[in-house]
Each structure stands twice: as structure tokens, then as C-alpha cells.
Amino acid sequence: MQSKVNTLNEFIIERQADFPYAKGELSRLLTHIALAAKVVNREVNRAGLVDILGSTGDINVQGETVQKLDDYANEKFAIALRGSSECCGIATEESQDIIKFDSDMAKDGKYIVCIDPLDGSSNIDVNVSIGTIFSIYRRISPRGHVAQIDDFLQEGTKQVASGYVIFGSSTMLVYTTGRGVNGFTLDPSIGEFCLSHADIQVPLSGNIYSVNEGNYKQFSSGVQKYIDHCKEVDAATNRPYSARYIGSLVADFHRNLLKGGIYMYPPTKAYKTGKIRLLYECNPMAMIIEQAGGMAVDNEGQRILDLKPNDLHQRVPLYIGSRNMIINLLDFINQND
Ligand code: AHG
Ligand code: MN
Ligand code: MN
């Protein structure tokens with residue numbers, strides 16, 4: 001039956017009925033995230049007009065330059081999550097340690113959130129799509145107390161929801177609670193995210209490969225041979241795969257999710273275990289891709305969602321996208337590495 005519901009808030013509430021014992025806490029948390037996304041969106045759109053572009057001059061815990069918009073997004077999401085009363089703490093890419101919310105309401109919160117507030121920071125100044133990635137877990141420490149580090153070091157399989165916001169030619173929020181993936185486009189005239197991409201499925205195969213090929217010589221032989229294979233003329237399409245790499249995971253992932261493709265970030269000399277962060281980037285995207293029928297694995301072909309994190313800022317090799325393309329890549333890795 002065609003549903004008449006089309007705003008994100010209505011959709012979230014309607015979907016709550018899928019979880020018979022749900023008390024609306026997750027729904028409220030998602031609603032707060034969506035609100036923060038709108039606030040950040042407003043600032044992203046004004047980025048060229050106000051003095052917010054560029055670097056703060058600080059270096060973050062990852063050893064990278066902090067952009068002003070990183071700070072802004074980090075602060076806005078932290079405020080929204082602190083105020084939601086459903087969340088007892090967050091881990092953000094921009095802070096060394098977890099942030100514990102200590103109000104009585106927050107201490108009673110059932111969830112924790114891991115967040116990459118601004119993904120693709122190097123693209124801010126050049127008007128290329130950027131995003132926000134989030135991941136929600138049920139805490140394992142008792143309610144009524146502040147959050148503990150173990151609440152955050154859970155396998156990706158324990159995520160109760162994950163999603164991302166892409167600030168692109170339009171602004172979209174895509175999320176899953178483990179029952180499919182749905183995408184909502186912000187209608188700026190009414191300030192609402194409206195359902196635009198229901199039940200997204202990633203094509204089984206695609207013809208796009210996304211990797212920073214400047215690092216090619218540092219890749220393992222298996223990954224190199226797979227990339228060489230991507231450049232061969234494909235019998236089905238009579239052309240090679242297309243190389244598409246923006247340098248914002250959110251944007252590269254979103255395009256490949258809709259069109260079919262593979263995104264790779266193998267180990268390099270500078271990033272010995274790959275560059276992409278397990279908690280803030282790999283796990284949330286892995287949950288989404290699996291819910292959309294795709295796959296996400298590391299260098300050994302292990303499912304990303306099964307990896308047990310041992311550090312908040314851990315980075316792992318990431319291969320994510322259309323199922324048949326990942327399986328093909330793993331054949332090359334198994335035969336050559
Ligand atoms: P962030 O901006 O949050 O630090 O993430 C950047 C990540 C990811 O979004 C992107 O795919 C990758 O770094 C790009 O790295 P390279 O510039 O090394 O290709
Ligand atoms: Mn990122
Ligand atoms: Mn970031």
C-alpha cells in the first residue's frame with residue numbers, strides 16, 4: 001500500500017511501530033540528528049559568505065588540520081545530542097576521548113553515538129560535496145551513570161542505526177535502523193527532509209571504481225591487479241569501468257550506492273592500516289551497504305561489521321560497495337597476496 005507519509009519525522013515515527021517495544025527514544029534521537037543536520041546545512045550553504053571557510057590552525061587528534069566548518073559541525077551535533085536526553089555520550093573524530101554527558105536526563109540515556117561531523121574536510125574550500133556520518137549503539141553500561149569507553153568499542157553488528165547526511169547539489173539524509181535503507185532530500189522551502197529514495201538497493205554490480213590511485217604503487221599486488229582489471233574493456237558494456245574519486249567518503253559512497261560501484265581505501269605507507277576510521281566511517285557505511293544488499297570488508301576479506309574495535313580512532317582498510325565487485329576484488333586479493 002502506498003504510504004502517504006513523506007517527511008522524515010513522520011517516517012521515523014511510523015517506522016517506530018516496526019519495533020513493538022520501542023518507546024520512541026531512538027526516534028527522538030534520530031529527529032535530533034536531523035535537526036542538527038539542518039543547522040549545519042544552513043552554515044555549509046553560507047560557507048562562502050561568512051568567515052567560516054579555511055583552517056582554524058589547530059591539528060586534531062588524527063594529526064590533521066582542523067577546518068572551521070569541522071569545529072562548527074562538531075559543536076552543533078554535540079549540542080543536539082546532549083540536548084536529546086536519549087544519548088549518554090558521544091565519540092567524535094574531532095576529540096581524543098569520549099564525551100560524557102553528565103546531566104541526570106543524559107545519564108539515563110539509552111544510546112551512544114559515534115560521529116564524523118564533517119567528512120571530506122579537504123573539499124570544503126572548493127565547493128565539493130561534504131557530509132556527516134553517524135552511528136548509534138545501545139549502551140552496555142548501566143543507565144543512570146555516565147557513559148563508559150566500552151559502550152563505544154562495540155562491533156558494528158551492534159549498531160541499532162546508522163546514517164549520513166550529504167551536503168551536495170541537494171542535501172540528503174540517508175539512514176537505516178536495520179530494516180532497509182531510506183533516503184530523504186531536504187526541501188529548503190519548507191525546511192523538511194522528504195522521502196525521495198525509498199528502500200535503496202545497491203546494484204549487484206556497477207561500473208565505477210573509487211580509489212585514490214595516486215597511491216597505486218603502495219598497494220598490494222592483489223589490489224593493483226584488481227585496479228588493472230577495472231581498466232580492461234568489460235565484455236558486457238564494451239568499455240572499462242569509470243574511475244570516480246572525490247575524496248569525501250560520503251560523496252563517493254553515496255554515488256556508488258545509487259549507481260553501483262566499489263570504494264577502496266587500502267593500506268598505504270602513510271596509513272599502514274588504511275585511512276578510514278572504523279567507528280566513525282567504516283561501521284556506519286558498512287551497515288548501510290549491507291542493508292542495501294552490498295558488502296563491506298577489510299584487507300583479509302573479513303566483514304567490517306564483525307571487527308572488534310580496540311581504539312576509538314582505529315583505522316582499517318575498507319572495501320565497500322556492490323556485492324559482485326567486492327567478491328571479485330577478494331578473488332584477486334586471495335590469488336595474489
Ligand atoms: P575527513 O574529512 O573526515 O578527515 O575524512 C576524509 C577521508 C574520507 O572522507 C575520504 O574518502 C578520504 O579521507 C580521502 O583520503 P585521501 O585524500 O587520502 O584520498
Ligand atoms: Mn571522514
Ligand atoms: Mn571528519
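How many bridges join strand β3 (residues 87-92) to β4, and do these strands run parallel or antiparallel? In this predicted model, 2 bridges join β3 to β4, and the two strands run antiparallel; within β3, Gly89 stands opposite Lys100 in β4.

Both strands belong to an open sheet of 8 strands, in which the order is β4-β3-β5-β6-β7-β8-β9-β10 and the pairing is mixed. The edges are occupied by β4 (99-100) and β10 (192-197), each of which has a single partner strand, so that one side of each is left without a neighbour in the sheet. Two helices lie across this arrangement. Helix α3 (residues 68-84) lies across β3, β4, β5 and β6 (130-138), running at about 160° to β5, whereas helix α6 (residues 249-259) lies across β5, β6, β7 (159-167), β8 (171-176) and β10, running at about 100° to β7.

The metal site also involves the sheet strand β5. The manganese ion (ligand 2) is coordinated by Asp116 (OD), Asp119 (OD) and Glu281 (OE), at 1.9 to 2.1 Å, and its donors follow the spacing D-x2-D-x161-E along the chain. Distant parts of the chain are thereby linked, with Asp119 located in strand β5 (residues 111-119) and Glu281 in helix α7 (residues 278-291), 162 residues apart. Both Asp119 and Glu281 are buried, each with under 20% relative accessible area. Asp116, in turn, bridges the manganese ion (ligand 2) and the manganese ion (ligand 3), and these two ions lie 3.7 Å apart.

Note on methods. Residues numbered from 1 in each chain as written. Chains lettered and ligands numbered in written order. Predicted model: local features only at pLDDT ≥ 70, side-chain atom pairs only at ≥ 80, totals over all residues. Heavy atoms only, no water. Donors = N, O, S within 2.8 Å, 3.2 Å for Na, K, Ca; no water. Helix = DSSP H or I, 4+ residues; strand = E, 2+ residues; numbered from the N terminus. Buried < 20%, exposed > 50% of the residue type's maximum accessible area, 1.4 Å probe, protein only. Pairing = 2+ DSSP bridges. Contact = heavy atoms within 4.5 Å. Axes fitted to C-alpha atoms, helices over the stretch in contact; angles between N-to-C directions.
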